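Thanks for asking me to look this over. I have gathered a few comments for you, with the model itself shown just below.

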Amino acid sequence: MDERYSPKGIEEKWQARWREGNVFAAEAPGSESKPKYYVLEMFPYPSGRLHMGHVRNYAIGDVIARARRMQGFDVLHPMGWDAFGLPAENAAIKAKAHPADWTYSNIASMRVTQERLGLSYDWAREIATCHPQYYRWEQQLFIQMFEKGLAYRKGAFVNFCPSCQTVLANEQVEDGRCWRCESVVTQKELTQWFFKITQYAEELLRDLDGLEGGWPDKVIAMQKNWIGKSTGAAIRFPLRKPLADGTAALEVFTTRPDTLMGATFLSIAAEHPLLDQLSEGSEAAKVKAFAEKVRSTDKIKRGAVDYEKEGQFTGSYVMHPITGRAIPVFVANFVLMEYGTGAVMAVPAHDERDFAFAKKYGLPIEVVIQKPGDKLDGATMEAAFTEAGVLVNSGAFDGIPSEDAKDKITAALARDGKGEARVSFRLRDWLISRQRYWGAPIPMIHCEACGVVPAPLASLPIELPRDVEFTGEGSPLANHPTWSKVACPKCGKDARRDTDTMDTFVESSWYYLRFTSARHEQGMFDPRAAARWMPVDQYIGGIEHAVLHLLYARFFVKVLRDLGQVKIAEPFTRLLSQGMVCKETYRCPEHDWRYPEEAKAVEGQAGKFICGEEGCGKEVVVGRSEKMAKTKRNVIEPLSLIERYGADAARMFSLFVAPPDNTLDYSDAAVEGMSRFIGRIWRYVAINGDKLRAAGRAAPPTQGPPGDPMVELVRLTHKTIKKVTEDTTTRFRFNTAISSVMELLNALGEFKLLAPPHFSAAAFAVQTIVKLLSPYCPHVCEELWQELGGIGFACEQAWPVFDPALVEDDVITLAVQVNGKLRGTVSIARTASEDEARAAAMADKGVAGHVEGKTVKKVVFVPGRLLNIVVG
């Protein structure tokens, strides 16, 4: 065995053997009696190249999968491709490559990298969501949801990306920009398809409680905030005159019905469907211009507390539901359709936003809740009073505490048919229509005679046509000369297919179920397989999916449960949200580019770099550490690291440098450090292999005189087993698990192999290291296991089990108190008696000084923890 570890040949060798042995297949013969464990990393979009952020995600999942397999579980660990999406279509526009060709080419390239990393996937279950045999079942589910009223069409203002020429869900708008291309998002009124996720709002919120302890608190909080439950009242304000469509009242939702008597105007959203009808006379043109301006503004800004409040009088009035007085209606930039009804009763004296608005436009401010011990006056108030108090200027409700008044006023409105108690949610129905090509076609048919009807199930899948033109304008499906032409399945007359495709989050909302029976041809999945494997035991992915994908996946499981296809209510039992991988950047003042690799160090001037662009040479500024992304030119490709250091070193780096939920800063030196660590283990076995093999499987010594190095090494090995087991399968602190193995290797390096008994202690420690590290750096561990005379694959060995008796120290530190105050500590045997502990304590000068000359009245001894001497 060469003392120098050369990873390339060894890694290729073991990857081939794993494939030949079908080692990572789930449900292998004989596994029926094993407990199941389903570990899944969020599958990637096939953009063409993996980066270190992917490696970190996959390495985490692979460690968990391999460790659980060694612990005796039947492990399902699949991989696939979230293959629909805008980048493929954009590539078709720019490079004249068909999206399908571009996507499948990228899948092949990315799979090579994953295989080179030695990831333990059951590749027989591989799926690509762009394949018709995948999305056909999605189309069938759409029809089922349509028949249940869970899929429907309506006209609405929607987020529209002018660059991508498509509609975006609220969750896909980040700071007012498209989450894909970062173009400014505008508002456009279209008729769109929605999924009725709001029907499950209460359950989605309630069931988050059952995920506590398994999901990160931050993710649960983000979902609760997005669902946004509010309890209050719906109040109807009669219009002074009915609208053209017969609408006689405007309905508002408020959490403060106690302030109703202080309402002096109503504010409605620029997207409110009645805005055009409410705009009267000379105000109509002003309202239209103002509304268009507001609709193009980022909704996050509009909802911000410090955003300047602006509005425009609509020309219409409503009547106060109790006093009957006329109240003007404004369209305001801070009111959003996403909250309540899109109309808000404005109470300036008791709401900060309304107060600022009223001050700006000279509207009345009427106090209806009085501050205890004070007398507020709307004319002199400098800020709204938003706390609890007692009602004033509220007629029959005067003198009632404001909290009690909420129920009393709501009840009074309900008696008169002018309102009722209501629960409102921030969550809105999921808009799934996309005016793009590269997505699953919506399986609906539009007939002038029959309306909108589902496509026959026998016609599924409705496949995408290949012969399309990609111009970047609108949907290629709508522009195709024949694809949309079809006979109506009800009346047989000429009709047309729906030319929208589904949001790509639809595919990722159920893929975890498809993995349980990836080749099932009678439905979305085999119900028996789903019953065996679901829910996913451990899910792994980025925090950026806390609201998007995870909420939709939870919704889909509940829909499928209600359709009788699954029996579970939640898809993922445990969630690990890994942190980002970042890299230090360099910026050239001339090019404004980042040069993580091209920047050149200036010889003799530490920390100074110049631009590597030919002909430039200007000094670059060392920037902050930023998330790896192609747009930032700071991506480190895994294949380059694999070629240089080996896959095991790349894996170990991603697991060791930081806890999995923290940000990981990339460093060449850190990867090299992991390579050196692997080399140390290799050299130890290479140098001592004969002695280690000679020990065979002889039991190592577990007893001996105090300080016996053989026993201490065995004890340390058992402690390492305990620590690595906890850190790998429970705490997910992979960095400290690796550190523990490093400490054991250091101790092993200092241990002298003098005689056969020493050989057995060292062999036990080395064999344990190989088993414990097998999930982390599997290739080198397979080779070392073979060199040590091991039988079979290292990854199929039983996970080491520690002896509880051997993880406790023989010598402990005992706290010694005198009259309850700590006076010192002493080192004693773990099994020391009270008399031995007392003798050791009295031998300590610090303790003895507080006892000498005094009478010992009592001694309290807690074995292994405390000795308290009471004197007087």
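The points below cover one helix and then a group of strands.

1. Please keep in mind that this is a predicted model. With that said, helix H4 takes in residues 99–116. At 1.5 Å a residue, its 18 residues should span 26 Å, and the end C-alpha atoms are 26 Å apart, so the two values agree.

2. It is worth looking at which residues of H4 are buried: they are Pro99, Ala100, Thr103, Asn106, Ile107, Met110, Thr113, Gln114 and Arg116. Their cover includes helices H1 (7–21), H2 (52–70) and H3 (86–95), along with H17 (638–645), H18 (647–656) and H23 (778–787).

3. After H4 comes glycine 118, which has a positive phi near 75°.

4. Turning to the strands, E31 (residues 811–818) has side chains that alternate. Ile812, Leu814, Val816 and Val818 point to one face and are buried, whereas Val811, Thr813, Ala815 and Gln817 point to the other face and are not buried.

5. Strand E32 (residues 821–829) pairs with E31 in the antiparallel sense, over eight bridges. Alanine 815 has threonine 825 of E32 as its bridge partner. The two strands make a hairpin with two residues between them, and asparagine 819 in the turn has a positive phi of about 55°.

6. E31 also runs parallel to strand E34 (residues 866–871), and four bridges join them. Here glutamine 817 stands opposite asparagine 868 of E34.

Technical notes. Residues are numbered from 1 along each chain as its sequence is written. This is a predicted model: local features need pLDDT of at least 70, side-chain atom pairs count only at pLDDT 80 or more; totals for chains, interfaces and linings use all residues. Side-chain values use heavy atoms; hydrogens and water are left out. The expected span of a helix is 1.5 Å times one less than its number of residues. Buried means under 20% relative accessible area, exposed over 50%, partly exposed in between (1.4 Å probe, protein chains only). Contact means heavy atoms within 4.5 Å. Two strands pair if DSSP finds at least two bridges between them.
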